[in-house]
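Visitor: I am new to this structure, and I would like a close look at one part. Could you walk me through the second largest cavity and the strands around that topic?

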Amino acid sequence: MDSNSQDEERSRHYPIQEHMFWQRVEWRIQHIGYFFLFTIVILGACGLFSKGILSKGVATSKEGALQVQYERFGLLDSDMVMTVRVKPQHGDRFTLSISGEEMENFQIQSLQPQPLQATSTKNSLELSWASPRFRDGATVWIGAQAQNPGRFPVTITLDNATSVHFTQWIYP
C-alpha cells in the first residue's frame, strides 16, 4: 500500500471528524441490506407472496382418486385458482365438499363446470355433478378471492370417502 492509500484508511479530525471503524461497519450493514433486499425480490418473483413456482401446491389423496392444485400464497382481494381433478367415479353422481375456515374467508368468483346441486352450511360447501357426464374423470376449476389475511386450512372431500388437506397463506 502506498502512503495515500494508508491515509484514506485512517480516521480524520479535519476537515470533518471521521471514524473509519464505524464507516466500515456501516458499509457492511449496507451490503447485508442489499443482499436481503435482493433475496426478497427474487423470492417474490418466484412466488413467495403470490403466483409463481414457490406458490404452486399439489395435494393428492392416498388412493389417488382426488388431486387438488392450489396456490399456497395469495394476496388479499386477488384472484386465486384451484383445480380439482377427480378420477372416474362409479354411481350416478359425485360430490365434492370444501370445508374449513376458507369458506368464510373466500368469495367464489367462478366455478366450472357448474354443479347440478350446491349446498352450503357454516364452514362447508357441497357441490354435486352427474358422474356419467364425466366418464374419463372430471376437472373442476374454482376461482376465489380472499377477503381477510391469515392462515387458512382447507379440506376437500370426495363422496365423504377420500380427502385432501392443505393450507393457504393470505398476505395483506
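Guide: Here is a look at the cavity, followed by the sheet. This is a predicted model, in which local features need pLDDT of at least 70 and side-chain atom pairs count only at pLDDT 80 or more, while totals for chains, interfaces and linings use all residues. Residues are numbered from 1 along each chain as its sequence is written, and side-chain values use heavy atoms, with hydrogens and water left out.

A cavity is a set of points, on a 1 Å grid over the protein atoms alone, where a 1.4 Å probe fits but cannot get out. Points are joined across faces, edges and corners, and the volume is the space filled by probe spheres set on them. There are two cavities of 30 Å³ or more, and the second largest has a volume of about 40 Å³.

Its lining (residues with an atom within 4 Å of a point) consists of Met80, Val81, Met82, Phe106, Ile142, Ala144 and Gln168. Six of these are nonpolar, one is polar and none is charged, where Ala, Val, Leu, Ile, Met, Phe, Trp, Tyr, Cys and Pro count as nonpolar, Asp, Glu, Lys and Arg as charged, and the others, Gly among them, as polar. Strand 4 (79-86) and strand 9 (138-146) each give at least two lining residues, and strand 4 has the largest share, three. Strands are DSSP runs (E, at least two residues), numbered from the N terminus.

Now to the sheet: five strands form an open, antiparallel sheet in the order 1-2-4-9-6. Strands pair if DSSP finds at least two bridges between them. At the edges, strand 1 (56-60) and strand 6 (106-112) each pair on one side only. Six bridges join strand 6 to strand 9, and Ser110 stands opposite Gly143 in strand 9.

How values were computed. On a 1 Å grid over the protein atoms alone, a cavity is a set of points where a 1.4 Å probe fits but cannot get out, and a pocket is an open set with protein on both sides within 12 Å along at least five of seven lines; lining residues have an atom within 4 Å of a point. Helices (H or I, at least four residues) and strands (E, at least two) are DSSP runs, numbered from the N terminus.
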